[in-house]
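Could you walk me through this model in my viewer, one selection at a time? I would like to know what to pick next and what I will find there.

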Amino acid sequence: MAVVSRHHDVLIQRLSRHSVNYRDPLEQIPWETLDPEAPWLPEKLLSLYGLPEYEGLTADDKIRLSQVEFVSFCELGLWLEALFIQRLGSHSLQHLYHDAPSYHYQLHELREEVGHSLMFLELQHRAQLPFLTPPSQRPRLASLFARWTPEASAVFWATIFIGENVPDQMSRHILQDKSLPEAVLAITQLHRREEARHMAYARITVQRRAQRLGTIQKKLLSPLLREVMRQFLQTSFFPGPAIYAAAGLAAPQRLARLARQNPIRQALLKDCAAPSREFLASQGFSI
Ligand SMILES: [Fe+2]
Ligand SMILES: [Fe+2]
């Protein structure tokens, strides 16, 4: 246990050092390259991609849908970051007295998350597209879990890890398409770079905390984690009808239903969830 603890301290001190060269994302993104005539997501990442209804859309409809879905993906980030900022902000000072390296690092992480949220707000402002999924429409269990699970617990950090790793997998796919506007690539790159540190912190914190849990406890916690993850994946990958309506598409309710049944979308979800599932399985949680 002492070895894990020491390893933890060394790693987070290193993460803090990497966070020192902070630059404001608002200043780093080449906002003028956010082309309103171009797609903002690769086609294969669109929720309707592969369906006959998608093939039937005009080129302009497809572009508009990709822009709305990219803004909606960033809105997902805003929701997650708000939950995280609330939790860390409310209890972080107590760490100073028993785990100073974590306190130090978490302040870096808070600063970075606030920067991401400001970046997403700027995107929305420049895109002139509305945010359409208020927290009341997000899964209740995931919100409650993020709000009330003890911060010292393995499951709290497991939830954080899922909330960071799943969108990061989407970001990885986005960056494969270098033809996207530079601003979209820069937003995604910057987020990936900083989230890599956040995930490293979450990973080692889960490892450290999971060591204190017995096999039975992990077995009992697994169904809960599984349900949180299921709800989180639903809200991340299946936009509500408002998204299709904002893209100007007809029959938005029907499109939302079709997206949920879209095998290509389901395969993407599985692909993006796989690293979280593998990591949690390695820590004894079966999700
Ligand atoms: Fe973030
Ligand atoms: Fe993060």
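Start by selecting helices H6 and H9: their crossing is left-handed. Keep in mind as you look around that this is a predicted model. H6 and H9 pack with their axes 8 Å apart, at an angle of about 125°. That angle is neither over 145 degrees, where roughly antiparallel begins, nor within the 65 to 115 range for roughly perpendicular, so H6 and H9 are oblique to each other.

Now show side chains where the two helices touch. From H6, pick Leu141, Ala142 and Phe145; across from them in H9 are Glu227, Val228, Gln231 and Phe232. Sorted by class, this contact has 5 nonpolar residues, 1 polar and 1 charged.

**Next stop: Leu141**

Zoom in on Leu141, which sits in H6, the helix of residues 140-148. Is Leu141 buried or partly exposed? It counts as partly exposed, because it has 14 C-beta neighbours inside 10 Å, and 20 or more would be needed for buried. Setting aside neighbours within four places in sequence, Leu141 is in contact with Glu227, Val228 and Gln231. Try a distance label from Leu141 to Glu227: their C-alpha atoms are separated by 8.2 Å, although the two residues are 86 apart along the chain. H9, on the other side of this contact, covers residues 215-237.

**Next stop: Ala210**

Move on to Ala210, in helix H8 (residues 182-210). Here the count is 21 C-beta neighbours inside 10 Å, so Ala210 is classed as buried. Which residues does Ala210 contact, leaving aside its neighbours within four places in sequence? Select Ala154, Gln283 and Gly284 to see them. For another distance label, choose Phe285: it is 75 residues from Ala210 along the chain, and the C-alpha atoms of the pair are separated by 9.3 Å.

**Last stop: the nonpolar core**

Finish with the largest nonpolar core, which has 70 residues. Colour Trp157, Ala158, Phe161 and Leu225, the residues with the most contacts inside this core. Then highlight helix H4, residues 59-91, which gives the most to the core, with 12 residues.

Of those four, centre the view on Phe161. Not counting residues up to four places away in sequence, Phe161 touches Met199, Ala202, Arg203 and Val206. Add Ser276 and Phe279 to your selection as well, since Phe161 also touches these two.

Note on methods:
Residues are numbered from 1 along each chain as its sequence is written. Chains are lettered from A and ligands numbered from 1 in the order in which they are written. This is a predicted model: local features need pLDDT of at least 70, side-chain atom pairs count only at pLDDT 80 or more; totals for chains, interfaces and linings use all residues. Helices (H or I, at least four residues) and strands (E, at least two) are DSSP runs, numbered from the N terminus. A residue is buried if 20 or more other C-beta atoms lie within 10 Å of its own, exposed if 12 or fewer, and partly exposed in between; C-beta atoms are placed from the backbone. Two residues are in contact if their C-beta atoms, placed from the backbone, lie within 7 Å. Axes are lines fitted to C-alpha atoms, for helices over the stretch in contact, and angles run from 0 to 180 degrees between N-to-C directions. Angles under 35 degrees count as roughly parallel, over 145 as roughly antiparallel, 65 to 115 as roughly perpendicular and the rest as oblique. A crossing is left-handed if the near helix is turned anticlockwise from the far one by less than a right angle, and right-handed if clockwise. Ala, Val, Leu, Ile, Met, Phe, Trp, Tyr, Cys and Pro count as nonpolar, Asp, Glu, Lys and Arg as charged, and the others, Gly among them, as polar. A nonpolar core is a set of buried Ala, Val, Leu, Ile, Met, Phe, Trp, Tyr and Cys residues joined through C-beta atoms within 7 Å.
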